[in-house]
Amino acid sequence: MKKLWMLPAFVILLAGMVFGIPYTLNIQGKLTDASGSSITVVHNITATIYTAPTGVDSIVYSRNFTVIPDTRGIYHLALQNVSVDFSGPAYIGLKVDPENNESELSPRLNVSLVPFSYRANISEDLSCTDC
């Protein structure tokens with residue numbers, strides 16, 4: 001009976017390997033006020049992914065978060081279930097306290113490839129001649 005828990009744990013581990021591609025983008029930042037002092041109180045942040053550096057017609061993902069910065073104002077967001085096709089340009093816009101009609105921070109963050117993912121993209125061009 002004691003080893004019965006191992007089967008579900010093993011199945012979950014295998015599922016993690018099969019579905020191991022994370023569709024998560026991590027964002028870290030620092031909240032400061034106009035004078036540069038750290039903001040350490042809870043804030044709401046809206047993270048939006050666009051296909052253009054400006055404008056609102058190009059939204060492909062948007063989520064609201066409640067963040068609790070640490071004593072230095074550092075916060076972390078994990079954009080979960082991001083199913084955006086990154087074959088073209090992508091930009092992340094952040095809006096702090098959107099319920100107060102605050103403006104989106106400018107400029108938007110350009111999402112660019114990391115070397116590993118750029119190299120992995122080459123595999124799309126491979127073909128099998130002996131298959």
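## Working through a predicted fold

Strand β2 is mostly covered, with seven of its eight residues buried. Keep in mind that this is a predicted model. Grab the structure and let's work through some exercises.

**Exercise 1. Which elements make up the protein chain, and in what order do they run from the N terminus?**

Start by counting the elements: the secondary structure comes to two helices and six strands. Next, walk along the chain from the N terminus, and you'll read α-β-β-β-β-β-β-α.

**Exercise 2. Find the order of the four strands in the open sheet, and say why β3 and β6 each have one side without a neighbour.**

Step one: line up the strands. The order is β3-β2-β5-β6, and the pairing is antiparallel.

Step two: look at the ends of that row. β3 and β6 (109-110) stand at the edges, and each has a single partner strand, so one side of each is left without a neighbour in the sheet.

Step three: ask what holds such strands together. Strands of a sheet pair through backbone hydrogen bonds, either parallel or antiparallel.

**Exercise 3. How many bridges join β2 to β3, and how many join β2 to β5?**

Take β3 to begin with: β2 pairs with β3 in the antiparallel sense over eight bridges. Now turn to β5 (residues 91-96): six bridges join β2 to this strand, and the two run antiparallel.

You can pin this down with single residues. Threonine 46 stands opposite asparagine 64 in β3, and threonine 46 also stands opposite lysine 95 in β5. Further along, tyrosine 50 has isoleucine 59 of β3 opposite.

**Exercise 4. Is serine 58 buried or exposed? Is serine 62 buried, partly exposed or exposed?**

First, locate serine 58. You'll find serine 58 in the loop between β2 (43-50) and β3 (59-67).

Second, use the cut-off: buried means under 20% relative accessible area. The relative accessible area of serine 58 is 12%, so serine 58 is buried.

Third, see what serine 58 touches. Leaving aside neighbours within four places in sequence, serine 58 is in contact with Ile49, Tyr50, Thr51 and Ala52.

Now do the same for serine 62, which sits in strand β3. Its relative accessible area is 35%, so serine 62 counts as partly exposed. Not counting residues up to four places away in sequence, serine 62 touches Thr46, Ala47 and Thr48. As for tyrosine 50, it is twelve residues from serine 62 in sequence, with 8.9 Å between the two C-alpha atoms.

**Exercise 5. Which residues other than glycine have a positive phi, and where do they lie?**

Begin with asparagine 81. Its phi is about 55°, positive although the residue is not a glycine. Asparagine 81 lies in the loop between β4 (74-79) and β5. With a relative accessible area of 60%, asparagine 81 is exposed.

Then move on to asparagine 101, where phi is near 60°, again a positive value in a residue other than glycine. Asparagine 101 has its place in the loop between β5 and β6. This residue is exposed, with a relative accessible area of 70%.

**Exercise 6. Which two residues does a cis peptide bond join?**

Look at the loop between β5 and β6, where proline 107 lies. The cis bond joins serine 106 and proline 107, with omega at about 0°.

**Exercise 7. What lines the second largest pocket, and how do the lining residues divide?**

Start with the space: about 160 Å³ lies in this pocket. Then list the lining: Lys30, Leu31, Thr32, Ile39, His43, Val96, Asp97, Glu102, Ser103 and Leu105. Finally, sort those residues, and you get four nonpolar, three polar and three charged.

**Exercise 8. What percentage of the residues in the protein chain is buried, and what do carbon and sulfur atoms supply of the exposed area?**

Take the burial part to start: of the 131 residues, 22% are buried. Next comes the surface, where the chain exposes about 10,000 Å², and carbon and sulfur atoms supply 59% of it.

To finish, turn to contacts. Among contacts with a separation of 6 or more, residues 24 or more positions apart account for 58%.

Terms used
Residues numbered from 1 in each chain as written. Predicted model: local features only at pLDDT ≥ 70, side-chain atom pairs only at ≥ 80, totals over all residues. Heavy atoms only, no water. Buried < 20%, exposed > 50% of the residue type's maximum accessible area, 1.4 Å probe, protein only. Contact = heavy atoms within 4.5 Å. Pairing = 2+ DSSP bridges. 1 Å grid on protein atoms, 1.4 Å probe; cavity = no way out; pocket = protein on both sides within 12 Å on 5 of 7 lines; lining within 4 Å. Points joined across faces, edges and corners; volume = space filled by probe spheres on them. Nonpolar A, V, L, I, M, F, W, Y, C, P; charged D, E, K, R; others polar. Areas by Shrake-Rupley, 256 points an atom, 1.4 Å probe, with all protein chains shown as cover.
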